[in-house]
Amino acid sequence: MGLSDLVYRIYEKRIQRRLDRGRLPQHVAVLMDGNRRWARALSAPTSSGHQAGAEKAREFLGWCDELDVDVVTLWMLSTDNLNRPEDELVPLLGIIESLIQDIAATGRWRVYPMGALDLLPPRTATVIKDAADRTRDLDGMHVNVAVGYGGRREIADAVRALLHEHAAKGASLEEVAEVVTVEGIAAHLYTKGQPDPDLVIRASGEQRLSGFMLWQSANSEFYFCEALWPDFRRVDFLRALRSYSERERRYGR
C-alpha cells in the first residue's frame, strides 16, 4: 500500500465515523458514466472501459450493502445506447449479462429488471429475467438493473399500461381519463411499490439526468462527481453520503 492509499484509507474511516447513520439514504441510484472516456484516456479498447465499469459496480454494491442501503438502482444501458455500433454494443451486452449473473450469484441481493426488455436481444432479456426469478425470495438488498431504460419511455409505458388495464375492464374513455392520476401512473412504473431514490449519483463530471428516473427523482437529492465511473472510489461514495446527510430535505415545501 502506497502513502496516498494509506492517506485515503484514513480519510475514508474518518468520514465514515462521522456519518449520521440515521440520515443515510434508503435508495441510491447511480448513473455509471464515463466508461468510454476512461478507456480512451488509456488508449484501450472501449470494451475494457465497460469491463472496468462493471467491476466498479460490483464494488459499489458491496459498499452499499455494508452501509445498509435498502435499494440500489444501477443504470447500465439506456434506450439510446442500443443505437451504438454493433462492435461496441455486442461486447457491452455480454459484460452486462455477466454482471447481472454475478449479482444474482451472490445469493444475497434481489435483482429487479427496470427497462423495456422487449427492446433487448432475447439472450440479454432472458439473463435478466432468470436473475430476477432466482433472487425473487431473497431478503437482502434490492438491486434494480436498468437495462434498455429511458425515463420518457418508462412514463409512456406506465400510462399505456394504466389505460390498457382499465380499458380491459370495459371502462369508457371518460372513466379511463379519470384514472390518469399521479397515483395511477406511479402504480405502473417499472419501480412500482419501491421508495423513490433519496440520492442520485452521477459520475464523470456531467451535471444532468439524461432522462434517468425522471418521475421518481422529483424530490431526490443529487450528487455529481468528477471521477469517471471506473475511477469512482469508496471515498467518493462516502463524500456523497456525507453531502446527503448534511442537507435539509424539503420535498418541494
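This is a short tour of the nonpolar cores and the cysteines in this structure. The model is predicted, so local features need pLDDT of at least 70 and side-chain atom pairs count only at pLDDT 80 or more, while totals for chains, interfaces and linings use all residues. Residues are numbered from 1 along each chain as its sequence is written, and side-chain values use heavy atoms, with hydrogens and water left out.

Start with the largest nonpolar core (buried Ala, Val, Leu, Ile, Met, Phe, Trp, Tyr and Cys residues joined through side-chain atoms within 4.5 Å; buried means under 20% relative accessible area with a 1.4 Å probe, protein chains only). Select Phe60, Leu74, Met76, Leu77, Ile100, Val147 and Phe237: of the 54 residues in this core, these touch the most other members. Next, colour the elements that each supply at least two core residues, including β1 (27-31), α3 (46-66), β2 (71-78) and α9 (234-245). Helices (H or I, at least four residues) and strands (E, at least two) are DSSP runs, numbered from the N terminus. Pause on α4, which gives the largest share of the core, nine residues.

Now centre on Phe60. Leaving aside residues up to four places away in sequence, Phe60 touches Val28, Val30, Val72, Leu74, Trp229, Phe232 and Phe237, where contact means heavy atoms within 4.5 Å. Apart from the largest core lies another, of twelve residues; try selecting Met114, Ala116, Leu209 and Met213 among them.

Finish with the cysteines. How many disulfides (pairs of cysteine sulfur atoms within 2.5 Å) does the rule count? The count is zero. Select Cys64, which is buried at 0% relative accessible area; its closest cysteine sulfur, in Cys225, is 14 Å away, too far for a bond. Cys225 is buried too, at 7%.

Terms used: Buried < 20%, exposed > 50% of the residue type's maximum accessible area, 1.4 Å probe, protein only. Disulfide = S-S within 2.5 Å.
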